[in-house]
Structure formats: structure tokens, C-alpha cells
Amino acid sequence: MELIEKAAYLQGLLEGLELDESTKEGKVFHAMSDLLADMAATIKALEQDITQAEDHLEALRGDVEELQADVYEDDEEDDSEAPCYEVDCPNCGETVYVTEEDLDAGEAFCANCGCTFEVALDDAEEDDDQAQEELEAEDASYEVTCPLCGAVTVLSEDELLSGKARCAGCGKPLEIDLPAEE
């Protein structure tokens with residue numbers, strides 16, 4: 001039996017006793033019966049509200065999970081794609097990140113002002129970027145501190161890997177522990 005039904009049953013029992021409502025005891029019993037009926041109705045309404053809230057919450061959880069999946073999948077894809085280029089929006093001046101796809105399409109979108117504008121990578125810029133990457137790959141250098149004299153020696157990758165590196169300060173051979181390749 002639910003609370004409302006139990007409260008109604010008690011009210012019926014009370015009416016069956018035919019207590020006089022003009023007496024102190026009759027007033028107390030009838031007031032208690034009315035209070036129980038009101039409490040049972042309130043509890044029933046709260047249970048229904050909680051059930052509805054739980055249903056809404058469950059639906060929202062599903063929506064949030066879908067959004068997270070969409071957002072994080074996009075982030076993972078963006079990380080594996082080609083690099084982005086920074087361009088200033090001609091309308092508002094805000095920095096816009098342009099992908100290779102945007103360059104191929106020839107236009108970019110500014111999320112700040114909603115402006116769509118033309119973009120293109122100059123061949124000279126493309127060559128400069130490529131040359132810079134090649135220089136960085138070729139000119140990899142490492143600073144090594146001599147354990148004897150404390151002098152810092154700058155070594156190229158080839159010198160470092162040859163095992164014949166010497167300290168620029170004292171001329172002693174440098175022993176370098178390289179991490180094992182996995």
C-alpha cells in the first residue's frame with residue numbers, strides 16, 4: 001500500500017470510531033489524520049518530481065556524452081592533421097587559426113566576428129617554412145656541461161653520437177650517457 005492509501009485507510013478507521021470532533025481527543029485525532037493525508041500527498045508529489053528530474057537528468061547525461069564524444073573526437077583529429085597557420089582577421093583583427101583545408105578552400109572563418117575572408121599561402125612563405133624546418137632538423141645542437149670544469153660545450157648531433165666529444169673549456173673527453181632508443 002502507498003502512503004496516500006494508508007493515510008486514507010486511517011481516516012476511514014477514524015471516521016468508523018465516530019469520535020466527537022468537539023472533544024480534545026477528537027480534535028487531535030482528526031488534525032493528525034488530516035496532517036498525515038497532506039504529508040502523504042506532498043511526498044507523492046515530491047516522488048513524481050524526483051522521478052521526472054531523474055529522467056531529465058539521464059537524458060541530459062546522454063546529450064553531454066554525445067557532445068563530449070563529438071568535441072574530443074574533433075580534437076584528436078585536429079592534432080593529427082597538418083599544422084595551422086595564424087592569420088589576423090581583416091574585419092576585427094583577432095587571430096584566426098587556418099588549416100590546410102582552409103587554404104585549399106581559399107577562405108577562413110573568424111569565430112569572433114563571424115566574418116568569412118579569403119586566405120592563401122604565398123609560395124615564398126611556404127618555401128620559407130620548409131627551409132626553416134630543414135634548418136632546424138640539420139642544426140640540432142645540444143649543450144653539455146663538463147663534470148670536471150663546469151664549462152658548457154655546444155655539440156652537434158653528429159658530435160654527440162660519435163662519442164668523441166671534448167670539453168671546450170678543459171679539452172677532456174666528455175662521457176655522455178644517451179638514453180636507449182625504444
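## A nonpolar patch on the surface

In this predicted model, nine residues form a nonpolar patch on the surface: M1, L3, Y9, L10, L13, L35, L36, M39 and I43. Together they have about 880 Å² of accessible area. Helices α1 and α2 each supply at least two residues of this patch.

One of its members, L3, is placed in helix α1. The relative accessibility of L3 is 42%. L3 therefore counts as partly exposed, since that class lies between the limit of 20% for buried residues and the limit of 50% for exposed ones.

## A negative patch and the loop after α1

The surface also carries a negative patch, formed by E15, D20, E21, D34 and D38. Of these residues, D34 is found in helix α2, which covers residues 24-80. D34 has a relative accessible area of 45% and is partly exposed.

The loop between α1 and α2 holds E18. With 70% relative accessibility, E18 counts as exposed, because its value is over the limit of 50%. The backbone of E18 also deserves attention: its phi is near 50°, a positive value in a residue other than glycine. Most residues other than glycine have a negative phi.

## Salt bridges

How many salt bridges does a search of the whole structure find? The search finds two. In one of them, E2 pairs with K44, and the closest N and O atoms are 2.9 Å apart. E2 lies in the segment before α1 (3-17), while K44 lies in helix α2, so the pair ties together parts that are 42 residues apart in sequence. Both partners are partly exposed: E2 has a relative accessibility of 41%, and K44 has a relative accessible area of 25%.

The other salt bridge joins E58 and R61, whose closest N and O atoms are 3.2 Å apart. Here both residues lie in helix α2, three residues apart, which is about one turn of the helix. R61 is partly exposed, at 42% relative accessibility.

## A contrast between sequence and space

Residues T42 and I4 offer a further example of separation along the chain. They are 38 residues apart in sequence, and their C-alpha atoms are 9.4 Å apart in space. T42 is found in helix α2 and is partly exposed, with a relative accessible area of 45%.

## Overall architecture

The secondary structure of the protein consists of five helices and six strands. What order do the elements follow from the N terminus on? They run α-α-β-β-α-β-β-α-β-β-α.

## Nonpolar cores

Of the 182 residues of the protein, 14% count as buried. Some of the buried residues are grouped in nonpolar cores. The largest nonpolar core has nine residues, namely C89, V96, V98, L103, A108, C110, C115, F117 and V119. A second, separate core has seven residues, including V144, L155, C167 and L174.

In soluble globular proteins, nonpolar side chains tend to be buried together. The two cores contain buried residues, whereas L3, in the nonpolar patch on the surface, is partly exposed.

Key. Residues are numbered from 1 along each chain as its sequence is written. This is a predicted model: local features need pLDDT of at least 70, side-chain atom pairs count only at pLDDT 80 or more; totals for chains, interfaces and linings use all residues. Side-chain values use heavy atoms; hydrogens and water are left out. Patches are made of residues with over 30% relative accessible area and no salt bridge: like charges are joined within 9 Å, nonpolar side chains (Val, Leu, Ile, Met, Phe, Trp, Tyr) within 5 Å. Accessible areas come from the Shrake-Rupley method with a 1.4 Å probe; for residues, only the protein chains shown count as cover. A salt bridge is a side-chain nitrogen of Lys or Arg within 4 Å of a carboxyl oxygen of Asp or Glu. Lys and Arg count as positive and Asp and Glu as negative; His and the chain ends are not counted. The place of a charge is taken as NZ of Lys, CZ of Arg, CG of Asp or CD of Glu. Helices (H or I, at least four residues) and strands (E, at least two) are DSSP runs, numbered from the N terminus. Buried means under 20% relative accessible area, exposed over 50%, partly exposed in between (1.4 Å probe, protein chains only). A nonpolar core is a set of buried Ala, Val, Leu, Ile, Met, Phe, Trp, Tyr and Cys residues joined through side-chain atoms within 4.5 Å.
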